[in-house]
Amino acid sequence: MTGKTILIADDDRAIRTVLSQALGREGYDVQVTSNASTLWRWVSNGEGDMVITDVVMPDENGLDLLPRIKKIRPELPVVVMSAQNTLLTAVKATERGAYEYLPKPFDLNEVKSVVQKGLAAKSKVDKPIHVEDDSEDLPLIGRSPAMQEVYRIMARLMSTDLTVTITGESGTGKELVAHALHDFGKRKNAPFVALNMAAIPRELIESELFGHEKGAFTGADSKNIGRFEQAQGGTLFLDEIGDMPMDAQTRLLRVLQEGEYTTVGGHKTIKADVRIIAATHRDLKQLINQGLFREDLYYRLNVVPLRIPPLRERKDDIPDLVRHFLSTYANESNQPPKLIDSDALNYIKQHNWPGNVRELENLANRLAALYVEDVINLEIVRSELTTASNPNSMEASAAPDDETLRDAIHRHLKKYFDAHAPHELPPTGLYTRVLKELEIPLIELSLNATRGNQIKAADLLGLNRNTLRKKIRELEINVVRGG
């Protein structure tokens, strides 16, 4: 590709010099300018085999120039560079026809690799998608290198329907990423529907996903619309997919393979027109090895893997995140926003943040709500972080050691109800299905304790032997003698 001409537009003299020298040594002819008008003249005259342009220039924004370039020379690869480093910048660059987006500061080896690939490939042009120019309303906060890679992958996915599996520790913002993929994608005008697998009892998941017909099972007094139907034309976000039971995995795999499904108790085939985005904090490959997750479903879901970095890998984003959370709280509570001094910010950056961004948001909300000071100082932050990390604090455990069975059931059911949108009720027939959820482990553990002896298990449970046999059949419980 030596002898090809690279057109570079950037108002920073140092960047022009560095790029000109580096690409010149690779054998390219390089033309540099500090403004958009000169770049436009060169492109209009048919000069150059590739463009590298900054976004912010004295006479015109590079993103605004990009559609005009692609209109007259759609085959010309354009690389966009920016120090703004936000998801919106990456999305705008990609959707307006950029071959690649590079955040500043950039790596010279990466620039050379992008130039080589861009010249070797024909530029693919998609119809630009309008993105609102609202830099203050960012869907994701952070400009660190770790987040830049996330933005670049997301920008490539916006115009596709590819299935995405988002991985990351709890509290990293996986659902925010899923929302952003939907809100800036081609299904943005259709519903975004979320279902948390960890919050749904096993027996309820199929009904939640696919809906059920009236009379499909005891307690199903009316027809229920499932999440697939609710999300028709839009996006279905399956959070904590690693907690999905095997029987529901089988039905989901069938939908992904055939693109259609039936409701529980129904016979009519329904076409599924949804984009699937899954998320998990668990290692799905490890679950596969343990026989807890279907390998074929994994490959159906993991078309595009997207890892969200934990907060400890993006600590440079902490100041922006803290200011964002304090500002958000101030707007919601109709109060002036609090400030945080540099010593306090530095101390926050040194914390390991096992709860990730969610933990940081909780801290910011406490600082805003509990302290009258206009400026949060180091002493306040140190006190709050020390209290929050105290193992004897009330929040130390979601399931305390002295929790009763009644409390545990209440906690799980509350989590289930909370998983539904405000003013949205779970599917009908809840009483029967929850009792079934309780019966299964009760009978299984009783049979285990009696080594599969059904007479002893019936006596232990206080049930008639025939009643126990009937429940074993109905609930499809596997009995192992001597096991």
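Q: In this predicted model, what distance separates the end C-alpha atoms of helix 6, and what span should its 13 residues have at 1.5 Å a residue?
A: The expected span of a helix is 1.5 Å times one less than its number of residues. For the 13 residues of helix 6 this gives 18 Å, and the distance found between the end C-alpha atoms agrees with that expectation, being 19 Å.

Q: Which residues of helix 6 are buried?
A: A residue counts as buried when its relative accessible area is under 20%. In helix 6, which covers residues 145–157, the residues that meet this condition are Met147, Gln148, Val150, Tyr151, Arg152, Met154, Ala155 and Leu157.

Q: Which helix gives the most to the largest nonpolar core?
A: The largest nonpolar core has 45 residues, and those that touch the most other members are Val80, Met154, Val164, Ile166, Val177 and Leu181. One of these, Met154, is also among the buried residues of helix 6. The helix that gives the most to this core, with six residues, is helix 6.

Q: Which residues does Val164 touch, not counting residues up to four places away in sequence?
A: Val164 is one of the residues that touch the most other members of the largest nonpolar core. Once residues up to four places away in sequence are set aside, the residues that Val164 touches are Leu157, Leu181, Arg275, Ile276, Ile277, Ala278, Leu301, Val304 and Leu306.

Q: How many residues are in the second, separate core?
A: Among the members of this second core are Leu209, Leu252, Leu253 and Leu284. Two of the residues named here, Leu252 and Leu253, also appear among the buried residues of helix 10. The number of residues in the second core is 32.

Q: Which elements are included in what covers the buried residues of helix 10?
A: Helix 10 runs over residues 246–258 and reaches 18 Å from its first C-alpha to its last, close to the 18 Å expected at 1.5 Å a residue. Its buried residues are Ala248, Gln249, Arg251, Leu252, Leu253 and Val255. What covers them includes helix 8, helix 9, strand 8, strand 9 and helix 12.

Q: Which residue follows helix 10, with a positive phi?
A: Helix 10 has 13 residues, running from 246 to 258. The residue that follows helix 10 has a phi near 70 degrees, and this residue is Gly259.

Q: Which helix gives the most to the lining of the largest pocket?
A: About 920 Å³ of space lies in the largest pocket. Of the 32 residues that line this pocket, the closest to its centre are Gly171, Gly173, Lys174, Leu176 and Arg358. The elements that give two or more residues to the lining are helix 7, helix 13 and helix 15. The one that gives the most, with six residues, is helix 13.

Q: How many residues of the lining of the largest pocket are charged?
A: The lining of the largest pocket divides into three groups, of which the nonpolar group has 13 residues and the polar group has nine. The number of charged residues in this lining is 10.

Q: What volume does the largest cavity have?
A: A search of the whole structure finds two cavities of 30 Å³ or more. The lining of the largest cavity includes Met158, Asp161, Leu181, Arg187 and Arg275, and this lining divides into two nonpolar, four polar and four charged residues. The volume of the largest cavity is about 40 Å³.

Q: Which helix gives the most to the lining of the second largest cavity?
A: The second largest cavity has a volume of about 30 Å³, and its lining residues are Leu326, Tyr329, Ala330, Gln335, Pro336, Pro337, Lys338 and Ala368. These divide into six nonpolar, one polar and one charged. The helix that gives the most, with three residues, is helix 13.

Q: Is Trp353 buried or exposed?
A: Trp353 lies in the loop between helix 14 and helix 15, and it has a positive phi of about 55 degrees although it is not a glycine. A relative accessible area under 20% counts as buried. The value for Trp353 is 0%, so Trp353 is buried.

Q: Where does Pro105 lie?
A: The peptide bond from Lys104 to Pro105 is cis, with omega near -5 degrees. Pro105 lies in the loop between strand 5 and helix 5.

Conventions:
Residues are numbered from 1 along each chain as its sequence is written. This is a predicted model: local features need pLDDT of at least 70, side-chain atom pairs count only at pLDDT 80 or more; totals for chains, interfaces and linings use all residues. Side-chain values use heavy atoms; hydrogens and water are left out. On a 1 Å grid over the protein atoms alone, a cavity is a set of points where a 1.4 Å probe fits but cannot get out, and a pocket is an open set with protein on both sides within 12 Å along at least five of seven lines; lining residues have an atom within 4 Å of a point. Grid points are joined across faces, edges and corners, and a volume is the space filled by probe spheres set on the points. Helices (H or I, at least four residues) and strands (E, at least two) are DSSP runs, numbered from the N terminus. Ala, Val, Leu, Ile, Met, Phe, Trp, Tyr, Cys and Pro count as nonpolar, Asp, Glu, Lys and Arg as charged, and the others, Gly among them, as polar. A nonpolar core is a set of buried Ala, Val, Leu, Ile, Met, Phe, Trp, Tyr and Cys residues joined through side-chain atoms within 4.5 Å. Buried means under 20% relative accessible area, exposed over 50%, partly exposed in between (1.4 Å probe, protein chains only). Contact means heavy atoms within 4.5 Å.
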